[in-house]
Amino acid sequence: MNKHHEPTGPSDGDQITLRGPAELADALPYLMGFHPTDSVVMVALHGDRGRFGGRLRLGIPRSPREWPFVSDQLADCLVNGSERRGGRPDGIVVFLCQDPADGESGRQVMERLRPFAQRLRTACGALDVPVFEALCITDGRYWSYCCPDERCCPAEGNVLALPGTSVMAAAAAYAGIQVRGSLREMEARLTPRAPADHEQVRALDAAGLALVPRILGGAEREEVGAETLALARRLMKRLGENRPVGASRPDADAGDDALISHDEAAAVILGLQDRETRDRAAEWMEGPDAEPALRLWRALARRCAGAYETHAAAPLTLAGWVAWSAGDEPEARVALGRALRSDPEYTFAQLLHQACNEGMDPEALRRCLREERAGRKRARSRVVRTRPATRSVRPRAAAGPSAPPATARPGAAAARGRTRRQEGERGRSEHGRP
């Protein structure tokens, strides 16, 4: 059972034993929930039998100059993250997955990435955690960087098992685990179309001119936030009333895009740049809100075209949060990874990405957001209860002193309940003295 009490895999008594590089390579898509393209994946192993633990994925840095730094960071993140969850890993498995470039063979990819694999092994060893296996998966084949025996790991590599034919595939089908295509296909649902949508860019320009001064000015910030959330709610309702049935993912996404105008998308995207508004939107993470909210955040991320790419960090992070809250960790990791690619310094995405990768339970954050929502409701109800009833004002002699109110109510709510006339009289009596 998972954290949401829904069966998603074998019970603790059901174990799958993987023997050798071939079965490890075949298991990777089932461990991640998708085929990781252009990625380095590291998986922690625990105990004498090598039980799978935490895992992380990162796009392979294009420049080899980045490999030493990235290797140290990945090793540190996986080892320390496993320790925080209660168990230092006893070993690590490394996967390097990348398609060949034009004119490049799979073996050339493997040799080109060999220094990166060696640097990852060194970084893990420096933390006293050995790399038991390091595999390169490319062009339908796999190579081991750890095995020197050409009888099992020949120079031309080994052919990957046909999809759905391995023991892992059978066990995954029995457990209801699905592989949702490649990472590239999953990222396409969150990526603006190329070339840039000029109409959407113009709408974003106009929304920026209208909304940013109101947000930064402070006086109308809450008003813009309320407008943004109200519009987002209307769009969620529209999406919920038009659920795609039987459509492919690209067709379903195109249908969602058609339901949202350029101006509507621009207004919500710009409004979500305000942190408090974004945090309020994060409360739509469960129940009937979750599915239309996730579709809306995906659609808005696809609208962050041209120079507005960094604005996608907000809807991408919200998409990752809703997916994680709903138990869909693969989509959550992809969305949060895209958010950090849009804005590496986006703190909300950093925190969620780390928590998701470390296997933390999202219920703690859900509880916090529920309490925030309940606190606002209580505050609104208190304001309504403390609002004074309408009363008549008795005429007084013009020359008489100002009469004090019959009762004095402490607190800001009572102060807000005074009439303008009482405030004006108090001001004359307090400040009119010589």
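This report walks through a sheet, a helix pair and two buried residues in a predicted model.

## The sheet

A good place to start is the open sheet, which has 6 strands in the order β2-β1-β3-β4-β5-β6, with mixed pairing. At its edges are β2 (51-59) and β6 (158-159), each of which pairs on one side only.

Further in, β4 (residues 131-138) and β5 (residues 141-144) run antiparallel and are joined by 4 bridges. If you look along this pair, you will find Cys 136 standing opposite Trp 143 in β5.

## Helices against the sheet

Helix α2 (residues 67-84) packs on the sheet and touches β1, β2 and β3 (91-97). The direction of α2 makes about 35 degrees with that of β1.

Helix α3 (residues 106-126) lies across β1, β3, β4 and β5. Relative to β4, α3 runs at about 155 degrees.

## Two helices that cross

Now turn to helix α6 (residues 198-217) and helix α9 (residues 262-271). Their axes come within 8 Å and cross at roughly 40 degrees. Angles from 35 to 65 degrees fall in the oblique class, so α6 and α9 are oblique to each other. The crossing of α6 past α9 is right-handed.

Many residues take part in this meeting. On the α6 side they include Glu 199, Ala 203, Leu 211 and Ile 215. On the α9 side, His 262, Ala 266, Ile 269 and Gly 271 are among them.

## Thr 37, a buried loop residue

Thr 37 sits in the loop between α1 (20-32) and β1 (39-46). Is this loop residue buried or exposed? Buried means under 20% relative accessible area, and Thr 37 counts as buried because its relative accessibility is 15%.

What does Thr 37 touch, leaving out residues up to four places away in sequence? The partners are Cys 97, Ser 182, Leu 183 and Arg 184. With Arg 184 there is a further detail to look for: a polar atom of the Thr 37 side chain lies 3.5 Å from the backbone nitrogen of Arg 184.

## Ala 332, a buried helix residue

Ala 332 belongs to helix α13 (residues 329-342). Its relative accessible area is 0%, so Ala 332 is buried.

Apart from neighbours within four places in sequence, Ala 332 is in contact with Gly 320, Ala 323, Trp 324 and Cys 356. Another residue to find here is His 353, 21 residues from Ala 332 along the chain. The C-alpha atoms of Ala 332 and His 353 are separated by 8.1 Å.

Methods: Residues numbered from 1 in each chain as written. Predicted model: local features only at pLDDT ≥ 70, side-chain atom pairs only at ≥ 80, totals over all residues. Heavy atoms only, no water. Helix = DSSP H or I, 4+ residues; strand = E, 2+ residues; numbered from the N terminus. Buried < 20%, exposed > 50% of the residue type's maximum accessible area, 1.4 Å probe, protein only. Polar contact = N/O pair within 3.5 Å; in protein donor to acceptor, adjacent residues only side chain to side chain. Contact = heavy atoms within 4.5 Å. Pairing = 2+ DSSP bridges. Axes fitted to C-alpha atoms, helices over the stretch in contact; angles between N-to-C directions. Parallel < 35°, antiparallel > 145°, perpendicular 65-115°, else oblique. Left-handed = near helix turned anticlockwise from the far one by under 90°.
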